[in-house]
Amino acid sequence: MDLPSLAVVLQAALSPNLAERNAAEQSLNQYQYTPQHLVRLLQIIVDNNCDMAVRQVASIHFKNFIAKNWAPLDPNEQQKILPADKEMVRDNILVFVAQVPPLLRVQLGECLKTIIHADYPEQWSRLLDWVKHNLQDQQVYGALFMLRILARKYEFKSEEERTPVHHIVEETFPHLLNIFSRLVQIEKPAVEVADLIKLICKIFWSSIYLEIPKQLLDPNVFNSWMMLFLNVLERPVPLEGQPVDPELRKSWGWWKVKKWTVHILNRLYTRFGDLKLRNPENRAFAQMFQKSYAGKILECHLNLLGAIRVGGYLPDRVTNLILQYLSSSISKNSMYTLLQPQLDVLLFEIVFPLMCFNDNDQKLWEEDPHEYVRKGYDIIEDLYSPRTASMDFVSELVRKRGKENLQKFIQFIVEIFKRYDEAPVEYKPYRQKDGALLAVGALCDKLKQTEPYKSELEHMLMQHVFPEFRSPVGHLRAKAAWVAGQYAHINFSDQNNFRQALHSVVSGLRDPELPVRVDSVFALRSFVEACRDLNEIRPILPQLLDEIFKLMNEVENEDLVFTLETIVDKFGEEMAPYALGLCQNLAAAFWRCTNTSEADDEADDPGALAAVGCLRAISTILESVSRLPHLFVQIEPTLLPIMKRMLTTDGQEVFEEVLEIVSYMTFFSPTISLDMWSLWPLMIEALADWAIDFFPNILVPLDNYISRGTVHFLSCKEPDYQQSLWNLISSIMADKNLEDNDIEPAPKLIEVVFQNCRGHVDHWVEPYLRITLDRLRRTEKSRLKCLLVQVIANAVYYNAALTLSILNKLCVTTEVFNLWFQLLEQVRKSGVRANFKREHDKKVCCLGLTSLLALPGEQLVGEALGRVFRATLDLLVAYKDQVAEAAKEEEAEDDDDMDGFQSDDEDDGSDKDMGVDAEDGDEADNIRLQKLAAQMMTLVMMKSYSHQLMKWTLSFSLLIL
């Protein structure tokens, strides 16, 4: 497609007519892989004579095509872009990136990011030369723009991968320093100068984020940079040209420069300026930084904060960063000495006012209470919030310098309380009271453990906090609920006071103001946890649940779900009457959150977090009613649509939580329904395609399907579950790109088949043994070796004669048993067994070995028989001791985990894995095992164990199963 035709097609893509738009998209897709197509798109993007809308469509198509096809994720995928086209794009995009309007530059910047990450330095070695040349020419902005993308490629790279950074710094930073120096000397600089300085700051930030390049460690070079940063930090932001609109103002170029300068100085101070660093080179730098710069930066920061004191403007992010710097200075003696003379002014005239309710809060509370709630509970907002930084500063101050500061700060708070109480209603300092309550809540940990405040907490709550539940001012009612929640766990001398607070919080759930209702639910969680007598809550439980779900319909907030989880966890099986309704409401809330999250297209938005919380709460409910299997039948239709949808790629963000629900449903339901069986192919497909990291989680429900639905697993041929399992396991075991850790669940699945399908899967024994032996030969880690050997042990237990014949056929019998005994005999320096440490491991080995003992004498020669017998006896005694030890531990702690329902293996020897009988710890079993061990020892001494051995072998097999 030639250039004019392409322009026509792009114009048609903007048509209001759907048919024309679809035709244009189809045409673009049809010709996108033809030679020169990418080059022609770039020509249209940079053509100033072309319609701006068409250029924008071209830039988006150009960006998307490069993102998908410039460097395909699959290295075996055929290249869609000709090398000549790539070369032409690389050469021309550099020339025009600085010339196109910002709207298009953003798109080209994304393209450059993709190209640089894929091609530099191997396929684009000329890039750095171009940047270096243009830093000395008229194309300074374009060179800085490119250098920023180049430096950002290595921002988070490990030390080994950061090698190119040193060359980049060596070649470009001397020129950057000269440009920076010239720019800061300009009198009455335009905002375009700020854009250049901002780019230089971003380049410096990316280059020093994890490690300072050695070229910058030169004291003279570093000092030159620091003088420029301090110049920018000290210099007042120009008044002329500042936008009036607050949102535009904080994004204005000169305030952005101020922010990035503070950001860089904070990074240097907190990561590299700490004298506690152990690396000698870094410690020398830290000493130099503390001595030469840290104090000067502190002085500049305090001057900037002074604007707040006199009603001046300072962007929230800058304020937040400065307070972070001050918080980091509190623990350093030299810095604290510099801070002390101004500490009272800082604490009482700057920091505390930042903690108080303000005009912006009031405006948001009234105009958009949902946004007020979102900002109040959003951890991302905390990164920018001066209020959060102020709370952190006060907390750090009383934690590290409490002796000289806690008393005077509390006295200050008490004075505010006193003035508030004494003032008439129309003059009460409501906002200051709000800040004082916030301070009291923020210092709860310190006050709970420090006398005399600890003894006065209940009195303080009764006198200054609880009365605000009835305040005419909404934000004080909300703050009272929040503070009450912070102190719900203290020991109330009068339980009526606890009861009063609890009822006030519950009343807050019906407050007319949304933020009060949300803070009340948040506080309710603490009161439920702290409640000693659940009869306080039990009568109102239905109303509580109803109010929480009403609120969940209004707000997507994971803290609401946390409260619900706490209630479910606290009341356990008492939640049975509400279980179905809870799951239905949570499922509905989940779909709402998911739809909101997809619309926002942000992984960390409140909707996505709340969606995860809903699934976690559902799991908590299922666990609480686990002894009531009939409820699972009722709940299944509600949860099935979620499981079906979220076990596909649509559910990657919640995959682990959904698998937990599937695990509960397949473990506790009376039977596994055909609808639940329809999830098997989805999990197998996900595991084969993209979900290998979730293999341990998928193992749990697959085990449940096989062990609890054995008949269906064996008999169903459409789909053929046995074949699909074989296809999956054989593919994973043969994959040489997978690490040993990745495939550990595979041998466990084979074990599940052999243990649960005895006598029904003879035709699978040889295939599974073949892939096990193949992987065993190239396995390095002893952990996986043991799991693979256990597959052989399970095969022997499944059918000893069949397994031995297969091993003999493959000529590996001696090799396999030598390895098995070698692993059994290995011990650590401490004398502890090195392998087969769990109860389950020992039982599986014993089952295999005792099955060998039951074979006809001619199949096991005398020497081998004795070796097998000794190994069995050692394992049996070790198993008996371990069971006894586990029984003692269980007496000391309540174990709420489901036996056989754990996906993670622990090295402590505990046995809570697949296929483990729930009665393993019974005292009767221990006694029988001890007797059996003694009888076997007697037989060894008598050397007459042929007939009796078979009898005890069978007895032992029945016992440990």
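## A buried charge pair

Let's start inside this predicted model. Aspartate 434 has a relative accessible area of just 2%, so it counts as buried, the cut-off being under 20%. Its partner is lysine 479: the two side chains meet in a salt bridge, with N and O 3.4 Å apart. This pair links distant parts of the chain, since aspartate 434 belongs to helix H23 (residues 430-442) and lysine 479 to helix H26 (residues 474-486), 45 residues apart. Lysine 479 is buried too, at 13% relative accessibility.

## The overall picture

Stepping back, the protein chain is built with 49 helices and zero strands. Its C-alpha atoms fill a box of roughly 105 × 80 × 65 Å along the principal axes. Of the 961 residues, 53% are buried. If you look at contacts in the chain with a separation of 6 or more, 74% of them are between residues 24 or more positions apart.

On the outside, the chain exposes about 44,700 Å², and carbon and sulfur atoms supply 50% of that area.

## The nonpolar cores

In soluble globular proteins, nonpolar side chains tend to be buried together. Here, the largest nonpolar core has 315 residues, and Phe62 and Leu268 are the ones with the most contacts inside it. There is also a second, separate core of five residues, including Phe357, Trp365, Ala478 and Val516.

What does phenylalanine 62 touch, leaving aside residues up to four places away in sequence? The list runs to Leu38, Leu41, Leu42, Ile45, Val89, Ile93, Leu108 and Cys111.

## Helix H6 and its neighbours

Two of those contacts of phenylalanine 62, Leu108 and Cys111, are among the buried residues of H6. The helix spans residues 102-119. With 18 residues, H6 reaches 25 Å from its first C-alpha to its last, close to the 26 Å expected at 1.5 Å a residue.

The buried set in H6 isn't purely nonpolar: Arg105, Gln107 and Asp119 are in it, along with Leu104, Leu112, Ile115 and others. As for what they pack against, the buried residues of H6 meet H3, helix H4 (52-69), helix H5 (83-96), H7 and helix H8 (140-153).

## A salt-bridge network around glutamate 87

Side chains of opposite charge can pair when their charged atoms come close. The structure holds 38 salt bridges, and some of them join up: Glu87, Arg90, Asp91, Asp119 and Arg126 are linked in a network. Asp119, remember, is one of the buried residues of H6.

Glutamate 87 has a salt bridge with arginine 90, where the closest N and O atoms are 2.9 Å apart. These two are three residues apart in helix H5, so about one helical turn separates them. Glutamate 87 is partly exposed at 28% relative accessibility, whereas arginine 90 is buried at 6%. Glutamate 87 also forms a salt bridge with arginine 126, again listed at 2.9 Å from N to O. Glutamate 87 sits in helix H5 and arginine 126 in helix H7, so this bridge ties together parts that are 39 residues apart in sequence. Arginine 126 is partly exposed, with a relative accessible area of 44%.

## Backbone oddities in the loops

Which residues are joined by cis peptide bonds? One such bond joins tyrosine 120 to proline 121, with omega about 0°; another joins glutamate 718 to proline 719, with omega about 5°. Proline 121 lies in the loop between helix H6 and helix H7 (126-134). Proline 719 is in a loop as well, between helix H38 (710-715) and helix H39 (721-734).

Positive phi values turn up in residues other than glycine, too. Glutamine 36 has phi near 75°, and its place is the loop between helix H2 (18-31) and helix H3 (37-45). Phenylalanine 836 has phi of about 50° and sits in the loop between helix H45 (813-825) and helix H46 (839-853). Buried or partly exposed? Glutamine 36 is partly exposed at 29% relative accessibility, while phenylalanine 836 is buried at 2%.

## A nonpolar patch outside

Back on the surface, Ile379, Ile380, Leu383 and Tyr384 form a nonpolar patch, with about 380 Å² of accessible area together. Tyrosine 384 is in the loop between helix H20 (379-382) and helix H21 (386-400). This tyrosine 384 is partly exposed, with a relative accessible area of 41%.

Notes. Residues numbered from 1 in each chain as written. Predicted model: local features only at pLDDT ≥ 70, side-chain atom pairs only at ≥ 80, totals over all residues. Heavy atoms only, no water. Patch = residues over 30% accessible without salt bridge, like charges linked within 9 Å, V, L, I, M, F, W, Y side chains within 5 Å. Areas by Shrake-Rupley, 256 points an atom, 1.4 Å probe, with all protein chains shown as cover. Salt bridge = Lys/Arg side-chain N within 4 Å of Asp/Glu carboxyl O. Helix = DSSP H or I, 4+ residues; strand = E, 2+ residues; numbered from the N terminus. Buried < 20%, exposed > 50% of the residue type's maximum accessible area, 1.4 Å probe, protein only. Core = buried A, V, L, I, M, F, W, Y, C linked by side-chain atoms within 4.5 Å. Contact = heavy atoms within 4.5 Å. Expected span 1.5 Å × (residues − 1).
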